[in-house]
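Here are my notes for you as a newcomer to this one. Have a look at the model first, then go through the points in order.

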Amino acid sequence: MCEVCSSEGVDYLFKNGPKKILISSNLYKVFKNAVAPIKLCHVHSIELFHIGERRFLREHLVFARSLATRSKTQATAEDSPFGI
Ligand SMILES: [Zn+2]
C-alpha cells in the first residue's frame, strides 16, 4: 500500500482506480547522508515528480512526520560505531 495514502487515511483503491501500481521511490533530501526508500501509488509518484521532494513533503506533513519517526527507530538499530 502507498505510504502517503496510508498515513493520511486516503482510500488508496478509490484514488488510483483499477491501476494498482506501487512504485518504489527514494527521497534524497530528507536525511543527511542517507536515502529514504518509500513506496508510492501511481498518483502520488506523479505528484512527487511534478512538484519535487521538498514541496511534496510540505504538502504531506503527516507523512513527513511518520517518516521522521520511522527514521528514529531505524537509526537506533542501524547505528554502528564503525560507520558500516
Ligand atoms: Zn498514494
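1. Let's begin with His-60: is this residue buried or exposed? His-60 counts as buried, because its relative accessibility is 7% and the cut-off for buried is under 20%. You'll find His-60 in the loop between α4 and α5. Bear in mind as you read on that this is a predicted model.

2. Which residues does His-60 touch, once neighbours within four places in sequence are left aside? The contacts are Val-4, Glu-8, His-44 and Glu-47. Take Val-4 from that list: 56 residues separate Val-4 and His-60 along the chain, yet their C-alpha atoms are 7.4 Å apart.

3. Now look at things from the Val-4 side. Not counting residues up to four places away in sequence, Val-4 touches His-60, and also Leu-40, His-44, Phe-56 and Phe-63. Val-4 belongs to the largest nonpolar core, a set of 14 residues. Within this core, the members that touch the most others are Cys-2, Val-4, Leu-27, Ile-38, Leu-40, Phe-56 and Phe-63.

4. Where does that core come from? At least two of its residues are supplied by each of α1, β2 (34–41), α4 (53–59) and α5 (61–78). The strand β2 gives the largest share, with four residues.

5. His-44, which turned up among the contacts of both Val-4 and His-60, has another job to note: its ND1 atom is a donor to the zinc ion. The other protein donors are the SG atoms of Cys-2, Cys-5 and Cys-41, and the donors lie 1.9 to 2.3 Å from the ion. Along the sequence, their spacing reads C-x2-C-x35-C-x2-H. Cys-2 and His-44 link distant parts of the chain: Cys-2 is in the segment before α1 (3–8), while His-44 is in helix α3 (residues 42–51), 42 residues further along.

6. What is the geometry of the zinc site? The site is tetrahedral, with angles of 105 to 115 degrees among the four donor atoms. For comparison, the ideal angle for four tetrahedral donors is 109.5 degrees.

7. How buried are the zinc donors? Cys-2 has a relative accessible area of 0%, so it counts as buried. Cys-5 is also buried, because its relative accessibility is 0%. His-44 is buried too. As for cysteines paired with each other, the structure holds zero disulfides.

8. One backbone spot is worth a look: Asn-33, in the loop between β1 (22–31) and β2. Most residues other than glycine have a negative phi. Asn-33 is not a glycine, but its phi is positive, at about 60 degrees. Asn-33 counts as exposed, because its relative accessibility of 79% is over the 50% cut-off.

9. Finally, the chain as a whole. The protein chain has five helices and two strands, following the pattern α-α-β-β-α-α-α along the sequence. Of its 84 residues, 25% count as buried. The accessible surface comes to about 6,100 Å², with 58% of that belonging to carbon and sulfur atoms. Among contacts between residues at least 6 apart in sequence, 45% join residues at least 24 apart; the Val-4 and His-60 pair, 56 residues apart, is a good one to look at with that in mind.

Conventions
Residues numbered from 1 in each chain as written. Predicted model: local features only at pLDDT ≥ 70, side-chain atom pairs only at ≥ 80, totals over all residues. Heavy atoms only, no water. Donors = N, O, S within 2.8 Å, 3.2 Å for Na, K, Ca; no water. Tetrahedral: all angles 85-135°; square planar, octahedral: opposite > 155°, others 65-115°. Buried < 20%, exposed > 50% of the residue type's maximum accessible area, 1.4 Å probe, protein only. Core = buried A, V, L, I, M, F, W, Y, C linked by side-chain atoms within 4.5 Å. Contact = heavy atoms within 4.5 Å. Areas by Shrake-Rupley, 256 points an atom, 1.4 Å probe, with all protein chains shown as cover. Disulfide = S-S within 2.5 Å.
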